[in-house]
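Work through these exercises with the model open beside you. Try each task before reading its solution.

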Amino acid sequence: MMGHEHCQRILDVVLSRSSAEQTEGLLIAQDMQLTRFANNVIRQNVAETNTTLTVLADVGKRRGSATTNDLSDAAIERAAEQARAIALAGPEDPNLPEIPSPKGQIQNSKDQSSNPAFDDSTASCAPEFRAHAVGEVCRRAAEAGLNASGAFRTGTREWAVANSRGLRAYHAGTLADFVTTAMSDDSAGRAQASGWRVGDLDTSAAGAEASDKAARGRNPRPLPADEYPVVFDPYVTDDLLNMLAMYGMSAEAVQEGRSWMNDRIGQRVMSPAVTIWDDGDDPSGVPLPFDVEGVRRQRVDIVREGVACGPVHSSRTAARSGDPHVASTGHAEPPEYRRWNSGPIPLNLFMKTGDASVAEMIASTKRGLYVTRFWYTRLAHPRGCVVTGMTRDGLFWIENGEIAYPVKNLRFTQSYVKALNEVEAVGRESKLLMDEYGFGTRVPALKIGAWRFTGSTV
């Protein structure tokens, strides 16, 4: 870990060497360790330390950026010069906002003992700890005649922002994520456990969950394409929220007319049982209290009791709105997400829980499908968040309130917005799941009255 003072010194160099009218430095540092396994054997233990510095330079209504992981003073100066040169070479942006001021923004804390997202045991987690957990999962899979694979990662992540208007922000957090897939010749099961405190992860239970799904999934039967009631594990709900976030919770998507929220804000678009929000301060997720501009993240209600409330904003989309009452909600997208052109994005999403268990949802279903995971989901049409994809790692037919037999994987094309208008029950428990970049979504299981499957995957 670099620490607050080291990060600040690097950002001070950025500001002192830049000749732009306004300058911002963003430093993202990661120390990540990973234990990977396959065929019930640990295959790899790796550690990666990387720090990326991004410099933004404003000249009038032009902005340029440059990125480097060479943190020498000379390299930082080159990056600042490159960012200014790129700004001068580009066209003017009439909607370019000022770099944010420090008013109302994050107050730094050097003392990580009071940080609700940092855990010393996770930061110092040894390879032996991960190997022991992985070994237990692999042994149990082998005893069941299954092959287990997956990965267990732990580490730290630091974000630091400083700009020429006096804003300073620093945050350090820890990450822990375990994912495993158990496989037989004709079945598979997958499970995941995530958090910022490694002691909260029950890797043994995750391994048992994956093995149980794989064991129950042997000898799957074909099922004709049709519309069926479905019970979704939280892993499927996670996909629903992430696709809705990527393709419609952004103010940029709304402004460009490509969001599922367009012409629907203030209207009921989902079941009253559905409430979705983003909160970067909630320690039951993966807290990150400010965005890449250093702007404090606000809690934003995206959907409240089925009603679309509105998108999240960055400084750019707030300026583009033309409304002086609209401000950034602290959701400017990090560099990892810019390849999707998503614009501002919620990164600590939550769905409100209900009062049913998965077992109760299954028991209340006369005929339908229990779906444990989606895979390879891709956007087909943005305005309804119509998505195509397929099931994977466990699909089961429900008959008279009981799981009757496993089913071969099916392909679907479905509006996620329309489907969430058909929610009949919401799980009473929620599960925190991390994506590949370490951002979290806390979601419950769902029962949905109708889901359209369009064909087999084989």
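**Exercise 1. Find the residues that Gln192 touches, leaving out those up to four places away in sequence.**

Solution. This is a predicted model.
Step 1: list the contacts. Gln192 touches Asp177, Phe178, Val179, Tyr235, Lys431, Leu433 and Met434.
Step 2: place the residue. Gln192 sits in strand β6, which covers residues 188–195.
Step 3: classify its exposure. Buried means under 20% relative accessible area. Gln192 has 6% relative accessibility, so it counts as buried.

**Exercise 2. Describe the surroundings of Thr181 and decide whether Thr181 is buried or exposed.**

Solution. Step 1: place it. Thr181 belongs to strand β5, residues 168–183.
Step 2: list the contacts, again setting aside residues up to four places away in sequence. Thr181 touches Asn147, Ala148, Ser149, Ala188, Gly189, Arg190 and Asp393.
Step 3: check a distance. Thr181 and Ala214 are 33 residues apart along the chain, and their C-alpha atoms are separated by 8.5 Å.
Step 4: classify. Thr181 has 16% relative accessibility, so it counts as buried.

**Exercise 3. Work out how helix α1 packs against helix α2.**

Solution. Step 1: take the geometry. The axes of α1 (residues 4–17) and α2 (residues 73–89) come within 9 Å and cross at roughly 50°.
Step 2: name the arrangement. That angle makes α1 oblique to α2.
Step 3: give the handedness. The α1 and α2 crossing is right-handed.
Step 4: identify the contact residues. α1 supplies Arg9, Ile10, Val13, Val14 and Arg17, while α2 supplies Asp73, Ile76, Glu77 and Ala80.
Step 5: sort them. The contact of α1 with α2 has 5 nonpolar, no polar and 4 charged residues.

**Exercise 4. Do the same for helices α4 and α5.**

Solution. Step 1: take the geometry. α4 spans residues 127–143 and α5 spans residues 203–216; their axes come within 9 Å and cross at roughly 25°.
Step 2: name the arrangement. Angles under 35 degrees count as roughly parallel. α4 and α5 are therefore roughly parallel to each other.
Step 3: give the handedness. The crossing of α4 and α5 is right-handed.
Step 4: identify the contact residues. From α4 come Ala133, Glu136, Val137, Arg140 and Ala141; they meet Thr203, Ser204, Gly207 and Ser211 of α5.
Step 5: sort them. The contact of α4 with α5 has 3 nonpolar, 4 polar and 2 charged residues.

**Exercise 5. How many disulfides does the structure hold?**

Solution. Step 1: recall the chemistry. A disulfide is a covalent bond between the sulfur atoms of two cysteines.
Step 2: count. The structure holds 0 disulfides.
Step 3: test Cys125. Its closest cysteine sulfur, in Cys138, is 16 Å away, too far for a bond. Cys125 counts as buried, at 9% relative accessibility.
Step 4: test Cys309. Cys309 is in no disulfide, and the nearest cysteine sulfur, that of Cys385, is 17 Å away. Cys309 counts as partly exposed, at 27% relative accessibility.

**Exercise 6. Place Asn40 and Asp263, residues with positive phi that are not glycine.**

Solution. Step 1: take Asn40. Its phi is about 65°. Asn40 lies in the loop between β1 (22–38) and β2 (41–59). Asn40 is buried, with a relative accessible area of 18%.
Step 2: take Asp263. Its phi is near 65°. Asp263 lies in the loop between α7 (251–255) and β8 (276–278). At 66% relative accessibility, Asp263 counts as exposed.

Technical notes: Residues numbered from 1 in each chain as written. Predicted model: local features only at pLDDT ≥ 70, side-chain atom pairs only at ≥ 80, totals over all residues. Heavy atoms only, no water. Axes fitted to C-alpha atoms, helices over the stretch in contact; angles between N-to-C directions. Helix = DSSP H or I, 4+ residues; strand = E, 2+ residues; numbered from the N terminus. Parallel < 35°, antiparallel > 145°, perpendicular 65-115°, else oblique. Left-handed = near helix turned anticlockwise from the far one by under 90°. Contact = heavy atoms within 4.5 Å. Nonpolar A, V, L, I, M, F, W, Y, C, P; charged D, E, K, R; others polar. Disulfide = S-S within 2.5 Å. Buried < 20%, exposed > 50% of the residue type's maximum accessible area, 1.4 Å probe, protein only.
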